[in-house]
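Please read the following report alongside the sequence and the coordinates. It moves from strand pairing to helix packing, then to single residues, and ends with the other chain.

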Amino acid sequence: MAVDITLLFKASVKTVKTRNKAIGVGFDSPKDEIFKRSRPKSGFSPKAKEVISNITKLKDFLLQHRKDYVSAGSLISSDLTRMTDNERDQIDQDAQIFMRTCSEAIKQLRNEAEKQVTSAQLRKHRGAVLDLIEVYLRGVCKLYSEQRAIRVKRTVDKKRLVLEVPDNPVNLWDEGRTEDELSPEEVQMFEQENQRLVSEMNSLVDEVRQIEGKVVEISRLQEIFAEKVLQQETEIGSIHQLVVGATENVKEGNEDIREAIKNNAGFRVWILFFLVMCSFSLLFLDWYDS
Amino acid sequence: MAASVREKQAVALKRMLNFNAAPLKNTAAEPVWKVLIYDRFGQDIISPLLSVKELRDMGITLHLLLHSDRDPIPDVPAVYFVMPTEENIDRICQDLRNQLYESYFLNFISAISRSKLEDVASAALAANAVAQVTKVYDQYLNFITLEDDMFTLCHQNKELISYHAINRADIQDTDMEAIMDTIVDSLFCFFVTLGAVPIIRCPRGNAAEMVAVKLDKKLRENLRDARNSLFTGENMAAGQFSFQRPLFVLADRNVDMATPLHHTWTYQALIHDVLDYELNRVVMEEGAGPEPSPAGARPKKKNRKTYDLTAADKFWQKHKGSPFPEVAESVQEELDTYRAQEDEVKRLKCIMGLEGEDEGAISMLSDNTAKLTSAVSSLPELLEKKRLIDLHTNVATAVLNHIKSRKLDVYFEYEEKLMSKSTLDKSLLDIISDPDAGTPEDKMRLFLIYYITAQQAPSESDLEQYKTALLDAGCDLSPLNYIKQWKAFTKMAATPANYGNSGVKPMGLFSRVMNSGSQLVMEGVKNLVLKQHNLPVTRILDNLMEMKSNPETDDYRYFDPKMLRGSESSIPRNKNPFQEAIVFVVGGGNYIEYQNLVDYAKVKHGKKVVYGCSELSNAAQFTKQLSQLGQK
């Protein structure tokens with residue numbers, strides 16, 4: 001639907017050039033083009049681009065190792081693809097440090113941009129650029145936390161599998177032992193105790209697993225709450241400002257009213273005085289005249 | 001037309017904003033920032049389609065008007081979206097000289113002429129900035145899409161192509177040519193974006209015919225030009241999903257003069273009539289206090305609120321065509337559902353408080369955490385719903401206030417009766433001389449409709465009586481002169497339009513609909529129910545689409561740009577009924593016709609109808625144009 005007329009444009013440029021040459025209009029010599037614009041390389045743009053490239057590197061790194069990281073790996077898989085837990089922890093730590101540095105860098109850029117005296121549009125533009133970078137970083141962080149959540153779930157599931165397996169070996173072991181040392185009743189008692197312990201452990205494990213799940217959920221919720229509380233904090237701050245301003249205004253208003261009352265009273269006193277003086281002067285004139 | 005026109009235009013805009021490459025679906029893609037520069041035309045096109053947040057998501061950090069003061073922002077590409085007019089080109093050249101941005105992507109809303117392109121080229125040369133002008137495109141997006149199936153041609157400078165401009169007595173040929181060219185250019189852009197070549201039908205002897213002839217010529221030229229035809233390649237592929245070509249019906253405003261003046265009863269049309277509603281945005285004043293403030297106090301500040309009525313607003317999409325009382329009820333329903341959900345969330349809080357003390361409550365806790373999670377995740381939706389409900393409550397209350405103060409329901413009922421030629425129970429004179437029923441403008445509208453729809457002109461004495469009554473009420477009588485002329489003219493030409501039978505039943509005997517606890521108490525406002533009827537434009541469309549034979553439309557001319565030889569005959573070659581149609585009214589359209597067409601399309605399953613007009617005017621603006629015409 002949209003027609004690309006760039007070629008047409010370039011053709012018109014050529015036409016205009018030849019026309020100018022024909023007319024003999026002097027235009028800037030091509031030498032200037034070599035010097036190009038030595039525009040002030042304001043440090044903002046390259047730095048911002050650097051931050052973005054860093055975040056992209058992190059994203060690529062995470063995506064690259066995602067398969068290995070997430071692979072539950074059966075107990076008998078090739079060692080090449082499996083990552084040890086140490087490696088996974090290492091990746092977690094590195095990723096976290098990296099994300100922290102990136103957000104620090106963004107904050108720093110923001111402060112720098114605020115300090116620099118520039119036009120309003122340029123400031124707005126830079127603010128918006130930093131917002132975009134932050135959103136990008138948040139997206140990559142989400143990737144990371146998703147990965148991590150999957151990993152936690154897998155380890156929890158794995159532990160469950162591991163716990164249920166030792167049940168059988170324990171029982172076999174019991175039965176294989178020689179019965180010279182213990183009487184059959186004691187053996188039975190031991191067996192019962194074992195069963196009891198095992199079932200107790202199982203229930204504990206169940207409870208712990210449930211609690212872990214809940215805690216993860218609660219931590220997520222808590223994150224949301226914290227965000228909301230911070231929002232409310234800013235709002236409360238502004239309301240506080242307004243209220244302070246309002247009290248100031250009311251105080252001043254009271255002062256003004258007090259002033260007005262005083263003036264009113266003073267005015268009345270003067271009027272009274274004037275009237276009394278007038279009446280005295282009338283009486284005096286009257287007495288003087290008669 | 002698999003995707004609607006609105007989606008196609010939005011997709012085209014997004015492509016343009018992505019430097020004319022297809023936008024990637026990658027969720028975590030690297031941000032590329034850019035600056036968007038538009039002129040007023042571009043602003044009108046973009047604002048109904050993309051919100052500021054969507055622009056931000058596409059990486060646009062700043063969006064500025066072309067003719068404002070702009071500071072240099074180095075290292076940033078700039079996307080221009082402007083009309084190729086002289087001032088705009090000059091301003092672009094100035095920008096190139098001042099080297100405001102790093103690279104320039106020029107997108108012209110409609111095709112730029114060769115000479116203007118050379119102007120830009122010479123300016124770029126002079127500024128040594130040729131390398132910076134990275135791309136130049138003709139976007140062919142010179143129309144404004146307001147809804148999925150409604151578009152208009154322009155909003156800025158709309159008086160240049162308004163009804164008044166086309167029909168005034170002192171119009172020159174050159175002016176007319178210029179107006180026709182503007183309209184045809186926009187229609188051409190519309191069909192390029194749609195990707196289909198229509199079959200054109202138009203009446204004889206008026207502005208619509210001129211538009212049709214020119215449009216046919218332009219489409220034909222473009223189709224013949226094999227090298228850069230715009231209707232080949234991927235455009236055609238998209239359009240070929242529908243095996244038929246759409247029908248394009250051109251109508252002139254003169255075929256139906258009563259509808260623009262009509263008082264209406266559906267939600268969207270009412271908002272357009274009564275409030276300030278442009279480009280899907282309502283501007284209202286809040287806190288209109290009826291009592292005068294006590295002496296000495298500072299006057300209460302009225303703040304203006306703007307509301308955007310968008311496609312994402314589900315309530316709006318469902319109810320914009322419903323009669324007003326239905327809207328009031330639905331708002332109340334939505335409010336109730338919202339309150340119920342809010343109460344549930346609050347109740348959860350109490351439950352949580354209690355359960356925290358219980359010892360072995362792990363199992364119950366799990367249930368509650370699940371509930372809590374779902375409640376928290378649904379909070380943003382709830383907030384959004386609340387915002388929409390507030391918005392609609394405010395808007396509907398404002399409309400209701402207007403209805404009550406101007407007694408618009410009485411006018412509506414009366415006009416419906418006039419237009420359907422059923423018996424009138426109150427005399428026109430009563431309504432006109434009633435001092436508290438509506439503004440003088442309302443009375444003038446009513447009288448004009450009466451005059452237009454009367455079979456014979458009222459006698460001289462009657463007319464004088466009406467005129468004095470109107471003058472007493474404070475109306476301006478100049479529209480009447482023009483309508484007299486128009487009526488004389490159309491009586492010669494054809495039979496006057498028949499508005500079909502419409503019945504208006506006042507619902508029941510109660511004249512008040514009280515909703516308990518509702519803020520929208522419709523006391524004293526009659527609850528009128530609309531019976532389906534067809535306006536003249538809808539009937540014309542019906543005849544043409546179904547190939548029915550009707551004396552009104554048999555006379556229409558037939559154009560097919562794809563045929564090798566243009567023929568003068570008005571015999572359609574295609575005998576099958578059409579599945580898709582585009583109706584375009586030259587000289588001004590309104591939401592009432594749009595709503596009527598939407599209702600018609602709903603009744604006929606499988607047919608798609610798109611409504612377009614050269615400009616949207618509500619009754620007040622139209623009356624003003626008529627009075628200007630009558631004063632000559």
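Strand β8 of chain B pairs with strand β15 (residues 557-559) of chain B in the antiparallel sense over 3 bridges, where two strands are said to pair if DSSP finds at least two bridges between them. The model is a predicted one, in which local features need pLDDT of at least 70 and side-chain atom pairs count only at pLDDT 80 or more, while totals for chains, interfaces and linings use all residues. Residues are numbered from 1 along each chain as its sequence is written, chains are lettered from A and ligands numbered from 1 in the order in which they are written, and side-chain values use heavy atoms, with hydrogens and water left out. Helices (H or I, at least four residues) and strands (E, at least two) are DSSP runs, numbered from the N terminus.

**Strand pairing in chain B**

Within the pairing of β8(B) with β15(B), B:I200 stands opposite B:F559. β8(B) also pairs with strand β9 (residues 247-252) of chain B, here in the parallel sense and over 3 bridges, and in that pairing B:R201 stands opposite B:V249. As for the side chains of β8 (residues 199-202), B:I199 and B:R201 point one way whereas B:I200 and B:C202 point the other way, and all are buried; buried means under 20% relative accessible area, exposed over 50%, and partly exposed in between (1.4 Å probe, protein chains only).

Elsewhere in chain B, an open sheet of 3 strands has the order β10-β11-β12, with antiparallel pairing. Because β10 (276-278) and β12 (304-308) of chain B stand at the edges with a single partner strand each, one side of each is left without a neighbour in the sheet. Neighbouring strands of this sheet are turned by 20° against each other on average, direction ignored. β10(B) and β11 (residues 281-285) of chain B pair over 3 bridges in the antiparallel sense, and B:D276 has B:V283 in β11(B) as its bridge partner.

The pairings that involve strands β8(B) and β10(B) can be set side by side.

| Strand pair | Sense | Bridges | Opposed residues |
|---|---|---|---|
| β8(B) and β15(B) | antiparallel | 3 bridges | B:I200 and B:F559 |
| β8(B) and β9(B) | parallel | 3 bridges | B:R201 and B:V249 |
| β10(B) and β11(B) | antiparallel | 3 bridges | B:D276 and B:V283 |

**Helix packing and a buried methionine**

Helix α1 (residues 5-17) of chain B packs against helix α7 (residues 173-194) of chain B at an angle of about 85°, with their axes 9 Å apart; axes are lines fitted to C-alpha atoms, for helices over the stretch in contact, and angles run from 0 to 180 degrees between N-to-C directions. That angle makes α1(B) roughly perpendicular to α7(B), a term used for 65 to 115 degrees, whereas angles under 35 degrees count as roughly parallel, over 145 as roughly antiparallel and the rest as oblique. From α1(B), residues B:V5, B:K8 and B:Q9 meet B:F190, B:T193 and B:L194 in α7(B), contact meaning heavy atoms within 4.5 Å.

B:M176 also has its place in helix α7 of chain B, and this residue is buried, with a relative accessible area of 12%. If its neighbours within four places in sequence are left aside, B:M176 is in contact with B:I166, B:I171, B:A207 and B:M210.

**Positive phi angles**

B:Y140 has a positive phi of about 55° although it is not a glycine; B:Y140 is found in the loop between β5 (133-138) and β6 (144-147) of chain B, and B:Y140 is buried, with a relative accessible area of 11%. B:K407, also not a glycine, has a positive phi of about 55° and lies in the loop between α13 (362-406) and α14 (408-419) of chain B, but B:K407 is partly exposed, with a relative accessible area of 30%.

**Chain A**

Chain A holds 7 helices and 1 strand, and its elements run β-α-α-α-α-α-α-α from the N terminus on. Of its 290 residues, 17% count as buried. Among contacts in chain A between residues at least 6 apart in sequence, 76% join residues at least 24 apart.

An unreviewed UniProt entry lists residues 267-288 of chain A as "transmembrane region"; UniProt positions are given in the numbering used here, feature names are shortened, and annotations may be inferred rather than shown by experiment. In the model this span is 100% helix and 0% strand, with its end C-alpha atoms 31 Å apart. The annotation "coiled-coil region", likewise from an unreviewed UniProt entry, covers residues 187-214 of chain A, over which the chain is 100% helix and 0% strand, with the end C-alpha atoms 40 Å apart.
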